[in-house]
Amino acid sequence: MPEPTSALTFGDLVLEAAHAAGVAYYGADGSEAPQVPTDAHDLAEMQRLVNHAIHAFIADAPPTGWRWLTVTRAIDLVAGTGDYPLPDDFSGVVAGPIHFAADSDNFSAIRWTSEATIRRYRQDGTASSTTPHSAAIRRIESTPRKWELLVYPSPGEAETVEFPYEIYFDRLTTLTDYLPVPFRHDETLRAAVKAQVEADIDDLSGGPRKQRYQELLQQSYLIDAKSAPRRLGYNANPVHPRTLADLRDWRSHTDRPNVDISAF
């Protein structure tokens, strides 16, 4: 499915940076609409600023992290193999439990553990089962930003596991590339680019463009929070109060009615 025609590209933000920095190209006679710089040095500098701005926006995440950075991927396991390279976009951060794919007909439990535990399991001897029950991630020493999945024991047949993780992006280099950030954050990204120009080119820290970016960043937090699953709220009886805090919590829930949603 193609991207919407209104979706920002890397080139759009490079032009935004060039316009803010005063190095946009306006044609041979200066009468044309602004374009990305034709000077190689200016173009490379604007590309660098835009990539820094995108990284800054990703780093300026809410306390619980950006929800849009988390994806769930499936990893195919092969019989007799215990180590599997993870996708290039794996950032090294696991965001939830690991489990067998729903269509695998494998209802066994598999849990995260440490790499050291997996190594100890493998050293201890033969496993009593051929269904993996433990998993861990490990950085690949020869490629520092690449990771692999370890499972124990090695599966006796082909399996598929799934787990959520935070993704990582390559540096943007092609002007026609679409941005790795959801389109509803486009205005915040525009502001982030202008703030980066203000800091690097104008040598102004905490200026009006930075303040505008901070304002829009709060809106991005709200947008990201709205992507969370909807909740019905309290739907169980509170535990028997054991402390004063438990008692206050129990009192705050006892008057909540039970709602029959079957008719909705």
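# Exercises on a predicted protein model

Leu 150 counts as buried, at 1% relative accessibility (buried means under 20% relative accessible area, exposed over 50%, partly exposed in between, with a 1.4 Å probe and protein chains only). This is a predicted model, where local features need pLDDT of at least 70, side-chain atom pairs count only at pLDDT 80 or more, and totals for chains, interfaces and linings use all residues. Residues are numbered from 1 along each chain as its sequence is written, and side-chain values use heavy atoms, leaving out hydrogens and water.

## Exercise 1: Leu 150 and its surroundings

Find the element that holds Leu 150, then list what Leu 150 touches.

**Solution.**
- Step 1. Leu 150 sits in strand S7. Helices (H or I, at least four residues) and strands (E, at least two) are DSSP runs, numbered from the N terminus.
- Step 2. Leave out residues up to four places away in sequence; Leu 150 then touches Gly 82, Asp 83, Glu 115, Ile 118, Arg 122, Ser 134, Ala 135, Ala 136 and Arg 138. Contact means heavy atoms within 4.5 Å.
- Step 3. Take Asp 83. Asp 83 and Leu 150 are 67 residues apart in sequence, but 4.7 Å apart in space, C-alpha to C-alpha.

## Exercise 2: The open sheet

Work out the strand order of the open sheet and name its edge strands.

**Solution.**
- Step 1. The 4 strands run in the order S2-S7-S6-S5, with mixed pairing. Two strands pair if DSSP finds at least two bridges between them.
- Step 2. Strand S2 (83–85) and strand S5 (111–112) are the edges; each has a single partner strand, so one side of each has no neighbour in the sheet.
- Step 3. Strands of a sheet pair through backbone hydrogen bonds, either parallel or antiparallel. S5 and strand S6 (residues 134–139) pair in the parallel sense, over 2 bridges.
- Step 4. Trp 112 stands opposite Ala 135 in S6.
- Step 5. Add helix H3 (residues 115–124). H3 lies across S2, S5, S6 and strand S7 (147–152), at about 45° to S7. Axes are lines fitted to C-alpha atoms, for helices over the stretch in contact, and angles run from 0 to 180 degrees between N-to-C directions.

## Exercise 3: Pocket and cavity

Give the volumes of the largest pocket and the largest cavity, and say what lines them.

**Solution.**
- Step 1. Set the terms. On a 1 Å grid over the protein atoms alone, a cavity is a set of points where a 1.4 Å probe fits but cannot get out; a pocket is an open set with protein on both sides within 12 Å along at least five of seven lines; lining residues have an atom within 4 Å of a point. Grid points are joined across faces, edges and corners, and a volume is the space filled by probe spheres set on the points.
- Step 2. The largest pocket has a volume of about 270 Å³. It is lined by 13 residues, and Ile 58, Ser 91, Ile 167, Tyr 168 and Phe 169 are the closest to its centre.
- Step 3. Strand S3 gives the most to this pocket lining, with 3 residues.
- Step 4. The whole structure holds 1 cavity of 30 Å³ or more. The largest cavity has about 40 Å³ of space. Its lining includes Asn 51, His 55, Ile 58 and Phe 169.

## Exercise 4: Two backbone details

Locate the cis peptide bond and the positive phi of Asp 203.

**Solution.**
- Step 1. The bond from Tyr 152 to Pro 153 is cis, with omega near -10°. Pro 153 lies in the loop between S7 and S8.
- Step 2. Asp 203 is not a glycine, yet its phi is positive, near 55°. Asp 203 is in the loop between helix H4 (186–200) and helix H5 (208–225).
- Step 3. Asp 203 is exposed, with a relative accessible area of 69%.
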